[in-house]
There are 2 protein chains.
Amino acid sequence: MNEQADGAPRGRSARVQASVHTAVRELEAEVGRDGLTVPLIAQRAGVTPSTIYRRWGDLGQLLSDVAVERLRPDTTPRDHGGLASDLTAWAEQFLDEMASPAGRAYIRDALLGDPDGSNAGQCSAYAADQIDVILTRAAERGEDTPGVETVVDHVVAPLMYRILFRPAGLDAAHARGLVARLLEGHTAEK
Amino acid sequence: MNEQADGAPRGRSARVQASVHTAVRELEAEVGRDGLTVPLIAQRAGVTPSTIYRRWGDLGQLLSDVAVERLRPDTTPRDHGGLASDLTAWAEQFLDEMASPAGRAYIRDALLGDPDGSNAGQCSAYAADQIDVILTRAAERGEDTPGVETVVDHVVAPLMYRILFRPAGLDAAHARGLVARLLEGHTAEK
DNA sequence: TCCCCAGAAGCAACGGAATTGCTTTAAGGT
DNA sequence: ACCTTAAAGCAATTCCGTTGCTTCTGGGGA
């Protein structure tokens, strides 16, 4: 016996996982990030604390899971008709989402409760996937494109580094400059 | 009444701070990063737990302090006679120290228990200072140099991003490539 | 020199989070 | 329809985190 066609997924485990995740999101909005506690989340989710400890280990890893879920892009990058404008728009949006207080908090949580680095890797993969879409589209147009790794190194990494280590003096202009420099450099060395 | 000329600094506060820091370092080596706990550290340091909680807030912030202390560079960058070799050597050493398991743990701790971002800023400042020394030296030789911000964006940031988000496939060759690309790009667009 | 005062550490008690052995229930396969 | 296995519930225990109050250190002023 399985579930219907709606969102409710298979089995008790999945139900628990879903209710815990939504409990985290709800409580995060209600009591704030620092008011979160495992017993509190458990109560809201209609679950015993030990269940959470056994499945996630501790609060940090649970928050890390939820954070990664929230950092997943919900749309594919818009098509602006050219590589430069596609990348620029994407970088600006990326910066917007990640540099906000909420975005920074999610990044921190994701890195924090992540012993083996798999959650952080997932975040990086999200960005790489988005960039890959943009680059593939550009290549199909016949444009000359840098590699995904190059874009990650010279656009994503600088933005993320500044978000984490030097929040001051980071704006859309800087993001645009990074993209511009990347494309100049790429076509120049071609 | 003050202290003698040796390392023991002024007053009870400083003595406590020192003994707590050394207790953290000792216990980190003995019981491992995950075995650390405030009461344990307090006992080793000959201090009551409440003292630590009042001074540092929680374990995370204490570890963040200790981590930043360890991430401070202990030497000025070696002079290899040219900007390219200076930067390359520095990048390789930076990667070596930061990408090791111990280095990654310190970076994580420094970022983690750092509500206002001042510790992370300090880490970034360490790297920027080192780079500034190299660039200034190059400028005095009459070499054409990029700005510190540019080096941070295109060498430090990519390395740090990969350390944090994508530990796999990161080696000295990649660090060298980043420096090479930076200097090409810089002279090319001049 | 002595005393006083502000700040920091010690002490102790309490609330609640984290952990664990055992039991119970649900899901899926035979 | 049963049986097996994995996951959740339950309950008890430990000890971490927190706080009000007391005690002590050490620097500055009378």
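Let me start with one residue. S50(B) is exposed, because there are 10 other C-beta atoms within 10 Å of its own, and a residue counts as exposed at 12 or fewer. Keep in mind that this is a predicted model. S50(B) sits in helix 3 of chain B. Its C-alpha atom is 9.1 Å from that of V38(B), although 12 residues separate S50(B) and V38(B) in sequence.

Those two residues lead us to the DNA. Which residues are closest to DNA strand D? They are S50(A), T51(A), V38(B), P39(B) and S50(B), out of 23 residues that surround the strand. Both chains contribute elements here. Helix 1 (11–31) and helix 3 (49–56) of chain A each supply at least two residues of this surface, and so do helix 1, helix 2 (38–45) and helix 3 of chain B. By residue type, the surface near DNA strand D divides into 8 nonpolar, 8 polar and 7 charged.

Now the other strand. Around DNA strand C there are 23 residues, and the nearest are V38(A), P39(A), S50(A), S50(B) and T51(B). The elements giving two or more residues to that surface are helix 1, helix 2 (38–45) and helix 3 of chain A, with helix 1 and helix 3 of chain B. The surface near DNA strand C has 8 nonpolar, 8 polar and 7 charged residues. S50(B) is named among the closest residues for strand D, and S50(B) is also named among the nearest for strand C.

What does the database record say about this part of the chain? An unreviewed UniProt entry places a feature called "DNA-binding region" at residues 37–56 of chain A. In the model, that span is 80% helix and 0% strand, with its end C-alpha atoms 13 Å apart. UniProt, again in an unreviewed entry, also places "domain: HTH tetR-type" at residues 14–74 of chain A. Residues 14–74 are 77% helix and 0% strand, and the end C-alpha atoms of that span lie 21 Å apart.

Let us step back to chain A as a whole. How many helices and strands does chain A have? It has 9 helices and 0 strands. Its C-alpha trace spans about 60 × 45 × 30 Å along the principal axes. Of the 190 residues in chain A, 33% are buried. If we take contacts in chain A between residues at least 6 apart in sequence, 60% of them join residues at least 24 apart. Chain A is divided into domain 1 (11–57) and domain 2 (73–188). The C-alpha centres of these two domains of chain A lie 31 Å apart.

Next, the place where the two chains meet. In chain B, 24 residues are in contact with 23 residues of chain A. On the chain B side, helix 6, helix 7, helix 8 (148–165) and helix 9 (172–188) each give two or more residues. The largest share, 9 residues, comes from helix 8 of chain B. The residues on this side divide into 14 nonpolar, 5 polar and 5 charged.

From chain A, look at Y161(A), which lies in helix 8 (residues 148–165) of that chain. Is Y161(A) buried or exposed? Y161(A) is buried, because 21 other C-beta atoms lie within 10 Å, and the cut-off for buried is 20 or more. Leaving out residues up to four places away in sequence, Y161(A) touches V156(B), A157(B), M160(B) and Y161(B).

Ten residues along the chain from Y161(A) is D171(A), and their C-alpha atoms are separated by 13 Å. D171(A) lies in the loop between helix 8 and helix 9 (172–188) of chain A. D171(A) is exposed, because it has 11 other C-beta atoms within 10 Å. D171(A) and D96(A) are 75 residues apart in sequence, yet their C-alpha atoms are 8.6 Å apart in space.

I will finish with helix 4 of chain B. This helix covers residues 59–71, and at 1.5 Å a residue its 13 residues should span 18 Å; the end C-alpha atoms are 18 Å apart, so the model agrees with the expected span. The buried residues in helix 4 of chain B are L62(B), L63(B), S64(B), D65(B), V66(B), A67(B) and V68(B). What covers them includes helix 1 (11–31), helix 3 (49–56), helix 6 (101–112) and helix 7 (118–140) of chain B.

Note on methods: Residues are numbered from 1 along each chain as its sequence is written. Chains are lettered from A and ligands numbered from 1 in the order in which they are written. This is a predicted model: local features need pLDDT of at least 70, side-chain atom pairs count only at pLDDT 80 or more; totals for chains, interfaces and linings use all residues. Helices (H or I, at least four residues) and strands (E, at least two) are DSSP runs, numbered from the N terminus. The expected span of a helix is 1.5 Å times one less than its number of residues. Two residues are in contact if their C-beta atoms, placed from the backbone, lie within 7 Å. UniProt positions are given in the numbering used here, feature names are shortened, and annotations may be inferred rather than shown by experiment. Ala, Val, Leu, Ile, Met, Phe, Trp, Tyr, Cys and Pro count as nonpolar, Asp, Glu, Lys and Arg as charged, and the others, Gly among them, as polar. Domain bounds come from an automatic or database domain assignment. A residue is near a molecule or strand if its C-beta atom, placed from the backbone, lies within 6 Å of it.
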